[in-house]
Amino acid sequence: PAAKLVKMTAMPEMVALFNGSGGIASLLIGWGEIQKSWAESAVLADASEGVERSAMAAPDPVVQDTLASTADQLAHAAVASLSAFSAASIFLAILIGGVTFTGSLIAFGKLSGKIKSQPLLYPGQRIVNVLLLGVLIACGVWIAVDPLATAPVYIAVVLSFVLGVAFVVPIGGGDMPVVISLLNSYSGLAACAAGFAVDNTLLIITGALVGASGLILTRIMCLAMNRSLPNVLFSGFGAAETSGPSGDGEQKEAKILTPDKAFYMLEAAQRVIFVPGYGMAVAQAQHAVKELAQLMEKNGTEVQFVVHPVAGRMPGHMNVLLAEADVPYEKLCELDDVNPTMESVDVAIVLGANDVVNPLAMEPDSPIAGMPIAEVHRAKTVFTLKRSMRSGYAGIDNPLFYLDNNYMVLGDAKATIQALADEFKGEE
């Protein structure tokens, strides 16, 4: 019911909660399994003591020997009630599940605005994380060697929660799509470990599938940003903003355009591209965008949609929105399909996207240097539809706003697109 009722703009937050739910479920399975083994061990130990007392009280030496042998077998079974492999599987379910749970809660907070999206950095952060991981590994070895020890289990539960928080807080909001994908993989790996702990083949297989596919998707997302996974996790990207609108402290003014004036440029355009971003999701403008695209095509304009892999707040965010509006799949293009011919684009319409069209990525010393972008700044004209002139989710200023060929069309994206569509309808 929650998934049915949640707004599309809140779907990334819900996905984060789904990941966290999978993590805590695996942790609880591991916790329950080790509690079960402790209880069985206690029962066997009590039985061993009872049989041993009976052996001591038996008058017949043969009965005494038989009961003593039985007591030894029960005592041995009490100690060996949990194998080292099962104990290690339980530990992994607890560790990965705990990290996934609290890490997903932090990701949820950053995506929903309840926690600041900027990275939280402090001196010695990596050392603290390494020490946490080291203590957790030591607990894992302790549990595997002595499955009946309770202290390492309690320590592992607590520290896994702490490590989950420490793992996500240094990652900026602009990298949340990668984090969501990685946490999704973690939830699968935790489920796989829980499957080994309870000897459930189906849980092992499905957890492994989720874990492997999540890691593949994470790799694809990192390639889309031209960054390595360690760079995403440990660089603190977005901790410091650039100094001015153009990134060099220089103050410039943007050109503001109203929809009625933007219409005349669109009417004469031969080739137009849409670059959707989170602003389109917030405004729920995808249906209006499709209608405008159809009206322009009737006017003889070639229309394409350029979808950046990390646009939005989660993997495939823009693809889902455009599919919801029944935008033909063949109209969707990747960066490599459009960037080489960007100079022939008459108008590029940026729908609330920011970081994925930021020309600072072309500068070697910028925070996003090397990140593949939709190079709309090379188009003949750019319409940037945004509510304000604020920087993107990554906290990086965008000099595109101040280029001579760019016009800011401020306001709600859906209202702006509908106004443009109305202008085309009025011409029919």
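Which residues have the most contacts inside the largest nonpolar core? The legends below begin there.

**View 1. The largest nonpolar core of this predicted model.**
Phe274, Val376 and Phe383 have the most contacts inside this core. The core has 75 residues. Helix α12 gives the largest share of them, six residues. Val376 touches several residues beyond its neighbours within four places in sequence, including Ile273, Val275 and Met342. Ala348, Val350 and Val357 are also among the contacts of Val376. So are Val382, Leu400 and Asn405.

**View 2. A second nonpolar core, separate from the largest one.**
This core has 35 residues. Among them are Leu132, Phe167, Ile171 and Leu233.

**View 3. Leu351 in strand β4.**
Strand β4 covers residues 347-351. Leu351 is buried, and its relative accessible area is 0%. Residues in contact with Leu351, leaving aside neighbours within four places in sequence, include Phe274, Val275, Pro276 and Gly277. Gly279, Met280 and Val289 are in contact with Leu351 as well. Leu385 and Ile417 also belong to this list. Tyr278 is 73 residues from Leu351 along the chain, yet their C-alpha atoms are separated by 7.8 Å.

**View 4. Strands β5 and β6 side by side in the pairing.**
Strand β5 spans residues 381-386. Its pairing with β6 is parallel and runs over five bridges. Leu385 has Val409 of β6 as its bridge partner. Leu385 is also one of the residues in contact with Leu351. Strand β6 covers residues 406-410. Four of its five residues are buried, so β6 is largely enclosed by the rest of the structure.

**View 5. A salt bridge between Lys425 and Glu291.**
The side chains meet at 2.5 Å, N to O. The pair links distant parts of the chain, 134 residues apart. Lys425 sits in helix α15, residues 413-427. Glu291 sits in helix α12, residues 286-298. Lys425 is partly exposed, at 38% relative accessible area. Glu291 is partly exposed too, at 28%.

**View 6. A salt bridge between Glu297 and Lys331.**
The closest N and O atoms are 2.7 Å apart. Glu297 lies in helix α12, whereas Lys331 lies in the loop between α13 (317-324) and β3 (332-333). The pair therefore ties together parts that are 34 residues apart in sequence. Glu297 is partly exposed, with a relative accessible area of 31%. Lys331 is partly exposed at 27%.

**View 7. A network of Glu343, Glu375 and Arg378.**
Glu375 and Arg378 form a salt bridge, with closest N and O atoms 2.8 Å apart. Glu375 counts as buried, at 16% relative accessibility. Arg378 is partly exposed, at 25%. Salt bridges that share partners join Glu343 to these residues in one network. The whole structure holds six salt bridges in the search.

**View 8. Residues 240-249, where pLDDT is below 50.**
The mean pLDDT of the protein is 84. Of its residues, 87% reach 70 or more. Over residues 240-249, however, the pLDDT is below 50. This stretch has 25 contacts in the model beyond near neighbours in sequence. Where pLDDT is low, predicted coordinates should not be read in detail.

Technical notes:
Residues are numbered from 1 along each chain as its sequence is written. This is a predicted model: local features need pLDDT of at least 70, side-chain atom pairs count only at pLDDT 80 or more; totals for chains, interfaces and linings use all residues. Side-chain values use heavy atoms; hydrogens and water are left out. A salt bridge is a side-chain nitrogen of Lys or Arg within 4 Å of a carboxyl oxygen of Asp or Glu. Helices (H or I, at least four residues) and strands (E, at least two) are DSSP runs, numbered from the N terminus. Buried means under 20% relative accessible area, exposed over 50%, partly exposed in between (1.4 Å probe, protein chains only). Contact means heavy atoms within 4.5 Å. pLDDT is the predictor's confidence in each residue, from 0 to 100. Two strands pair if DSSP finds at least two bridges between them. A nonpolar core is a set of buried Ala, Val, Leu, Ile, Met, Phe, Trp, Tyr and Cys residues joined through side-chain atoms within 4.5 Å.
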